[in-house]
Amino acid sequence: MPDVKVTAVTPDTAIDVVGLVKRYSNSPVNAVDGISFSVRRGECFGLLGPNGAGKSTTIGVLTTRIRPTGGSAFVDGVNVVADPVRARSRIGVVPQRNNLDRSLTIRQNLLFHARYHGVPAGQRNARANALLAQFALTDRADDKPDRLSGGQAQRVMIARALMHSPPVLFLDEPSTGLDPAARLFVWDRIRELAESGVTILLTTHDMDEAETLADRVGIIDHGKLLALDTPQALTHSLVGSATLDVVVHFDGAFPSSAQASARPSPTAEISPRPDGDVLAELGQLDGVVRVERIAPDGPGLRARLYLTGDPARLVAPVAELVATCGGKLSDVRLGTPTLEDVFIHLTGRALR
Ligand SMILES: Nc1ncnc2c1ncn2[C@@H]1O[C@H](COP(=O)(O)OP(=O)(O)OP(=O)(O)O)[C@@H](O)[C@H]1O
Ligand SMILES: [Mg+2]
C-alpha cells in the first residue's frame, strides 16, 4: 500500500495551529498553553488579549523566531518547526517593536529585505516605489529610521514586510502607540491588503481594532484561547442588548438590618459586605439580565449591568437601590455590548 501523507492543512487553510505550547526556560508556567486554531486563506484573524496573554509568543512561533515546547504549527502548508526557511519565504512579519536597520535609509531597508528574500534585482526598485507610495512614504525614502515618527516607522515596517509579496502577513499590535489619524491610516492599509487576498493574523489588546478589522477573533488570556468566533457572534453570545456601567461609592456607614428590611426588595438581609449585596440586588431589578463586577473602584465598586430594553429607564431605579444599600452612585454610563464584555464575561476582568 502506498504511503499516505498526512498533512494538517487543507488547501484553503493558511495557518493551522494544533495544541501549541511554549514554556520559556526561565518560567514555571506556559506562556502559550495548548492553543489550537485555523485561519482560512484570505481571512483577517485577530488574537485579542491583555498584556502577557501570549500573543507575541504565538506569533513568534508562527514566524519561526520562537521554538515551541509542544504542538504543531503550519503556515501556507509549511511546518514552521521542520522547515523554517521555506516558512519564512511565505510570510511577512511586522513585529511589536521597531526593528528597522538604523544604519540604512527607508528605501534601503525595503531593498535589503527584498534581496534577502530573493526578489529579482529588476523587480526590487519598482516594488519599493509602489509600497513607498501606498504607505505615503515616498518623501521619506532617503531618511534614516531615527528621523521617523512612530506612525511612519510602523508604516515602513508593514511596507518592508510586503516587499517579497508574502501570501500571509503577521502584524503584532499594528496600531499600539499610534495617534488616531495614524491608526486609521494603518487600518485602511490592512483592509486593502485583506481585500487583495492576503491572509492576515493580527494581535491586539484593542477591542475596537479587533471588531473593526477581524473577520474572526480569538480571545486569549494566560496562554489559553478562551473563545473564537466572528465579533458579532461573540457579542451576541452575551445576553442583553445594552449595558449600564455604574460606579458606586460607600462612605463607610452601612445600613442597619432594620433599615435594610425596610427596603422594597425581595432579599431582606444585609451583610457587612455591601459590594456583594449591591451586586446581588442590582441583578434582581426588572430588565437586568446579568451583573458583572468589573473592578473595585477606590472605596467603592465598578459594575456593568447587562440589560434588555432601554438602559436610560433603569438609571433612577439603580440609583434608588444603591442608596438603600448605603452607597452613592458616582458615575453612570450607557453602552452596547462589545468584545470587551465578552472578555469580562470570560475572565471576570476588563481588558485593560
Ligand atoms: N523571552 C522570554 N522569557 C521568559 N518569559 C517570557 C519571554 N517572553 C515573554 N515571556 C512571558 O510570556 C508571557 C506571554 O508573553 P507575550 O509577550 O507572548 O504576551 P503578549 O500577549 O504579546 O503581551 P503584550 O500585549 O504585553 O505584548 C508573559 O508572561 C511574558 O512575561
Ligand atoms: Mg506582545
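Two residues count as being in contact here if their C-beta atoms, placed from the backbone, lie within 7 Å. In this predicted model, that criterion, with neighbours within four places in sequence left aside, puts Ile200 in touch with Cys44, Phe45, Leu169, Leu171, Ile190, Leu193 and Ala194.

Ile200 also turns up in the largest nonpolar core, a set of 66 residues. Along with Val75, Ala159 and Phe170, Ile200 ranks among the residues with the most contacts inside that core. The biggest helical share comes from α5 (residues 150-161), which gives five residues, the most to this core. There is a second, separate core too, made up of 17 residues, with Val246, Leu305, Leu314 and Cys325 among them.

Turning to the sheet, four strands form an open arrangement in the order β2-β1-β4-β5, and the pairing is antiparallel. The edges are taken by β2 (32-40) and β5 (78-79); each has a single partner strand, so one side of each goes without a neighbour in the sheet. Helix α1 (residues 55-62) packs on this sheet, where it touches β1, β2 and β4, and its direction lies at about 120° to that of β1. Further in, five bridges link β1 (residues 13-22) with β4 (residues 70-75) in the antiparallel sense. Across this pair, Ile15 sits opposite Val75 of β4, and Val75 is again one of the best-connected residues of the largest core.

As for helix α6 (residues 180-195), its length works out nicely: at 1.5 Å a residue, its 16 residues should span 22 Å, and the end C-alpha atoms are indeed 22 Å apart. After α6 comes Gly197, with a positive phi near 100°.

Technical notes. Residues numbered from 1 in each chain as written. Chains lettered and ligands numbered in written order. Predicted model: local features only at pLDDT ≥ 70, side-chain atom pairs only at ≥ 80, totals over all residues. Helix = DSSP H or I, 4+ residues; strand = E, 2+ residues; numbered from the N terminus. Expected span 1.5 Å × (residues − 1). Pairing = 2+ DSSP bridges. Axes fitted to C-alpha atoms, helices over the stretch in contact; angles between N-to-C directions. Core = buried A, V, L, I, M, F, W, Y, C linked by C-beta atoms within 7 Å. Buried ≥ 20, exposed ≤ 12 C-beta atoms within 10 Å, placed from the backbone.
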